[in-house]
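Good morning, and thank you for the time. I would like to take you through one structure, beginning with the ligand site and then turning to the sheet.

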Amino acid sequence: MTSGDQDAYVVVTGGSRGIGAATARVAAQAGYNLALTYKSNQSAADAVIQAVEEEGRRAVAQPFDMATGNVEELFQTFDAAGLGRLHGLVNNAGITGPIKCLTEIDQAMLDDLFRINITSLMLCMKEAALRMSTARGGAGGAIVNVSSRAGQLGGAGEWIHYAASKGAVDTLTEGAAKELGGEGIRVNAVSPGLIETEIHAAAGAPERLEKMVGGVPLGRAGAAEEVAEAIVWLLSGKSSYVSGANIAISGGR
Ligand code: NAP
């Protein structure tokens, strides 16, 4: 499939703001229906639904906390939403946790971070694979995991906890691409660099992009839409021979 069709939908976790919201809008333009999750910002989710509907596509949004929610039940909710068959999953929801050195971290923070960024992400991959696998009667599909350049750069002095969680995402992408390739499912990752969203302020560092942009070869931060375009390409048939890839979207950083 080179673009979406009336009967196919894509799950985008964390689809209410930032990269997830941009992905939902670009995916709707490509013809997909959307099943979104968000944590608590319903008005932001509603605005994304409206934008999707303005593209002539259908969308639902489900409040879902990746730190505590039941992923199996989440996908059952989407099964019943009448959006068609599941074509793809964009595992986008993620947090950085606070800016802290290794010697300042604590277990509660790590438990929360790894549950959101790794455990629930992996369970979403499982539920999507169960539905899309050609070995199980599905039509195949695509999974895109939103990793981070931090996974390769290490996050030293800021958040090696976050970087470690994204390193795990990279490994999951590699392994799942090998495991699911024979079942018609391509699995890829994108690794954004410094992207203009609210995640930096949420980590307690609203000035972070301004301070770090000097280290970006292209000389600027990226926009969420620039990540979304790559994600939707990876969902589409235009990337039909791409699996196990991890695309840096980082202005060269
Ligand atoms: P963002 O602007 O902070 O948006 C986060 C999204 O995730 C929102 O939709 C939010 O829902 C949802 N969310 C937050 N905590 C959640 C939880 N516990 N359970 C479920 N959903 C939750 O983030 P972003 O910058 O777009 O980041 C998206 C992804 O890109 C993340 O995986 C991040 O690690 C990755 N990334 C971002 C950058 C960057 O510079 N921005 C760089 C590299 C990688 P609400 O709206 O309800 O709060």
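A polar contact, as I shall use the term, is a pair of N or O atoms within 3.5 Å. Please keep in mind that the model is predicted.

With that cut-off, let us consider the ligand. One of its oxygen atoms is 3.2 Å from a polar backbone atom of Gly193. Another polar contact involves Lys166, where a polar side-chain atom lies 2.9 Å from an oxygen atom of the ligand. The backbone also serves at Met66, with one of its polar atoms 2.8 Å from a nitrogen atom of the ligand.

How much of the ligand's accessible area does the protein cover? On its own, the ligand has 900 Å² of accessible area, and the protein covers 95% of this. Three elements give two or more residues to the surrounding shell, namely helix H1 (18-29), helix H6 (160-180) and helix H7 (199-202). The ligand has 31 residues around it, of which Ser16, Arg17, Ser40, Tyr162 and Thr197 come nearest. Sorted by class, the shell contains 13 nonpolar residues, 13 polar residues and five charged ones.

I now move to the sheet. It is open and has seven strands, paired in parallel and ordered E3-E2-E1-E4-E5-E6-E7. Which strands stand at the edges? They are strand E3 (59-63) and strand E7 (246-249); each has a single partner strand, so one side of each lacks a neighbour in the sheet. From one strand to the next, the twist averages 20°.

Within the sheet, consider the pair formed by E4, residues 85-91, and E5, residues 141-146. These two strands pair in the parallel sense over four bridges, and Val90 stands opposite Val144 in E5.

Helix H9, residues 224-235, lies across E1, E4, E5, E6 and E7, and runs at about 170° to E6. The loop between H9 and E7 contains Val242. Leaving aside residues up to four places away in sequence, Val242 touches Arg186, Asn188, Trp233 and Leu234. As for Asn188, its C-alpha is 7.6 Å from that of Val242, although the two residues are 54 apart in sequence.

That concludes the presentation; I welcome your comments.

Definitions and conventions. Residues are numbered from 1 along each chain as its sequence is written. This is a predicted model: local features need pLDDT of at least 70, side-chain atom pairs count only at pLDDT 80 or more; totals for chains, interfaces and linings use all residues. Side-chain values use heavy atoms; hydrogens and water are left out. A residue is near a molecule or strand if one of its heavy atoms lies within 4 Å of it. A polar contact is a pair of N or O atoms within 3.5 Å; within protein, one must be able to donate a hydrogen and the other to accept it, and residues adjacent in sequence count only if both atoms are side-chain atoms. Accessible areas come from the Shrake-Rupley method with a 1.4 Å probe; for residues, only the protein chains shown count as cover. Ala, Val, Leu, Ile, Met, Phe, Trp, Tyr, Cys and Pro count as nonpolar, Asp, Glu, Lys and Arg as charged, and the others, Gly among them, as polar. Two strands pair if DSSP finds at least two bridges between them. Axes are lines fitted to C-alpha atoms, for helices over the stretch in contact, and angles run from 0 to 180 degrees between N-to-C directions. Contact means heavy atoms within 4.5 Å.
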